[in-house]
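Below are some notes on this model, set out as numbered points. Please read them with the structure open.

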Amino acid sequence: MDLKERLLAEIENRKEDLVQLTRDLVAMPTLNPPGSNYLEICEFIKARLQRAGFETELLRAEGVLGDSDKYPRWNLIGRIDGNHPGDCIHFNSHTDVVHVGENWTKDPFGGEIEDGKIYGRGTCDMKGGMATSIVAAECFLAICPEFSGAIEISGTADEESGGYSGVAWLAEQGRFSPSRVQHAIIPEPLNKNRICLGHRGVWWAEIETKGRIAHGSMPFLGDCAIRHMGAVIQEMEDYLYPLIATKTTSYPIVPEGARQSSMNLNSIHGGEKEQDNLYAGYSAPCVPDRCRIRIDRRFLPEEPIETVKAEISNMLERLKDKRPDFEYTITEMFSVPSVITERDAPIVKSVHKSIKEVLGESPDYVISPGTYDQKHIDRIGKMKNCIAYGPGILDMAHQPDEWVRIQDMVDSAKVMAITILDLLCKEKN
Ligand SMILES: [Zn+2]
């Protein structure tokens with residue numbers, strides 16, 4: 001058997017181990033928010049990688065957004081260097097999962113296996129992917145102990161809430177600089193036959209309308225901020241949403257519904273604050289003096305962020321011209337431009353070749369509707385040779401009864417291992 005055949009056979013042999021590793025990771029409820037059990041999961045990955053010969057660093061993003069003594073933001077990086085100089089390939093997975101939610105029929109942390117699938121919160125997004133990359137690297141090391149370059153594996157915090165104390169912070173420390181890492185794969189659940197090149201852009205902002213408080217029985221003595229906000233939303237319905245719907249892309253964004261620009265209204269708050277369940281009374285009659293909405297605008301690679309912002313501010317200014325006493329403020333929360341890796345980038349070509357070898361078909365190139373940690377590797381780390389590739393069906397992410405198919409993990413592990421072989425093993429041919 002040549003090296004490649006031995007590598008594929010090794011992965012088949014370790015299928016049970018891959019399943020168990022996924023179940024062990026899922027059993028740790030690393031819920032974010034608030035960000036629980038990060039140290040526990042990092043210690044677990046650390047011990048696992050050390051057994052495989054990795055040097056590890058446990059790093060806390062102290063004082064960074066999200067970090068506190070109660071919920072410290074721990075990150076783990078493992079690195080193993082070969083005997084010869086060469087490129088470093090980095091596999092980055094986030095350790096956090098979103099809250100469980102309703103309508104589960106399985107134990108969210110039980111890792112139950114049924115019909116070839118492992119069930120649980122984070123199986124798909126993305127502890128299955130993390131386990132896959134770890135087993136792929138371990139199998140490669142067993143088959144090709146003499147290699148060039150280095151392999152890094154990281155488990156990082158807070159991707160689900162922006163990744164500021166995870167990949168963003170590590171990138172600020174130079175952990176993803178092109179001098180240190182030359183290839184990066186993020187095993188997010190994009191499916192075993194797809195290469196995700198990047199994502200759409202996002203802009204979050206808060207719009208507040210102003211009013212004047214008065215007694216609810218004499219609203220003419222006040223000015224209702226909620227009615228002003230109603231006018232804003234009406235303007236969005238009449239003008240902005242139809243405009244956004246005309247913007248389409250030539251990029252392969254999935255699902256197809258995301259091939260046009262989109263905007264969600266994340267929240268609306270106006271008037272008296274809602275009381276908690278312990279309060280049994282009515283509310284007081286007041287004209288609300290302010291109302292706020294938070295908008296989540298997702299834009300296409302073809303759309304400049306300046307245009308996206310101008311559409312909103314022009315709309316608000318127009319309303320100010322035609323609506324008496326209309327006053328507003330708009331506050332930007334954050335923005336991330338669209339990030340897309342070139343199709344002829346080395347990691348794209350290598351994974352493309354590996355998918356063809358393992359699955360016997362050419363991969364689809366896709367772009368994600370939402371952002372993930374590639375944004376930080378690209379923008380802060382300045383490392384452009386990065387993709388998302390991993391097992392799992394994207395639609396299952398964050399759902400009740402989330403699952404990952406075991407065969408998909410095995411196939412993806414083969415793709416990852418052959419990619420490592422391609423990039424780091426000189427004697428592969
Ligand atoms: Zn994810």
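**Notes on the predicted model**

1. The model is a predicted one. A point to begin with is Asp-115, which is exposed because just 8 other C-beta atoms lie within 10 Å, where 12 or fewer is the limit for that class. Asp-115 sits in the loop between E4 and E5. Its phi is positive, about 50°, although Asp-115 is not a glycine. Most residues other than glycine have a negative phi.

2. The strands on either side of that loop belong to an open sheet of three strands, ordered E4-E5-E16, with antiparallel pairing. Strand E4 (113-114) and strand E16 (403-405) are at the edges with a single partner strand each, so one side of each has no neighbour in the sheet. E5 and E16 run antiparallel and are joined by three bridges. Ile-118 has Val-404 in E16 as its bridge partner. H10 lies across E5 and E16, at about 60° to E16.

3. Helix H2 (residues 15-26) has 12 residues, which at 1.5 Å a residue should span 16 Å; the end C-alpha atoms are 17 Å apart, in agreement. Its buried residues are Leu-18, Val-19, Leu-21, Thr-22, Arg-23, Leu-25 and Val-26. Arg-23 and Thr-22 are thus listed as buried along with Leu and Val residues. What do the buried residues of H2 pack against? They pack against helix H3 (38-51), strand E5 (117-119), helix H4 (123-143) and helix H10 (406-424).

4. The loop between H2 and H3 deserves a check of its backbone. Pro-34 lies in this loop, and the peptide bond from Pro-33 to Pro-34 is cis, with omega near 5°. Asn-37 lies in the loop between H2 and H3 as well. Asn-37 has phi near 60°, a positive value in a residue other than glycine. Asn-37 counts as partly exposed because it has 19 C-beta neighbours inside 10 Å, and 20 or more would be needed for a buried residue.

5. Another cis peptide bond joins Val-254 and Pro-255, with omega about -10°. Pro-255 is in the loop between helix H6 (225-245) and strand E10 (262-270). Most peptide bonds are trans.

6. Strand E7 (residues 183-186) is covered on both faces: His-183 and Ile-185 are buried on one side, and Ala-184 and Ile-186 are buried on the other. In a regular strand the side chains alternate between the two faces of the sheet. E7 pairs in the parallel sense with strand E3 (residues 84-94) over three bridges; Ala-184 in E7 is the bridge partner of His-90. E7 also pairs in the parallel sense with strand E15 (residues 386-388), over three bridges, where Ile-186 stands opposite Ala-388.

7. The chain is divided into domain 1 (3-199 + 338-428) and domain 2 (202-253 + 261-336). Their C-alpha centres are 38 Å apart. Eight residues from domain 1 and eight residues from domain 2 make up the contact. On the side of domain 1 that touches domain 2, strand E14 (residues 364-368) gives the most, with three residues. That side divides into five nonpolar, two polar and one charged residue.

8. Asp-69 is placed in the loop between strand E1 (55-60) and strand E2 (74-81). Is Asp-69 buried or exposed? Asp-69 is exposed, because 6 other C-beta atoms lie within 10 Å. Asp-69 and Ala-137 are 68 residues apart in sequence, and their C-alpha atoms are 33 Å apart in space.

Key. Residues numbered from 1 in each chain as written. Predicted model: local features only at pLDDT ≥ 70, side-chain atom pairs only at ≥ 80, totals over all residues. Helix = DSSP H or I, 4+ residues; strand = E, 2+ residues; numbered from the N terminus. Expected span 1.5 Å × (residues − 1). Contact = placed C-beta atoms within 7 Å. Pairing = 2+ DSSP bridges. Domains from an automatic or database assignment. Nonpolar A, V, L, I, M, F, W, Y, C, P; charged D, E, K, R; others polar. Axes fitted to C-alpha atoms, helices over the stretch in contact; angles between N-to-C directions.
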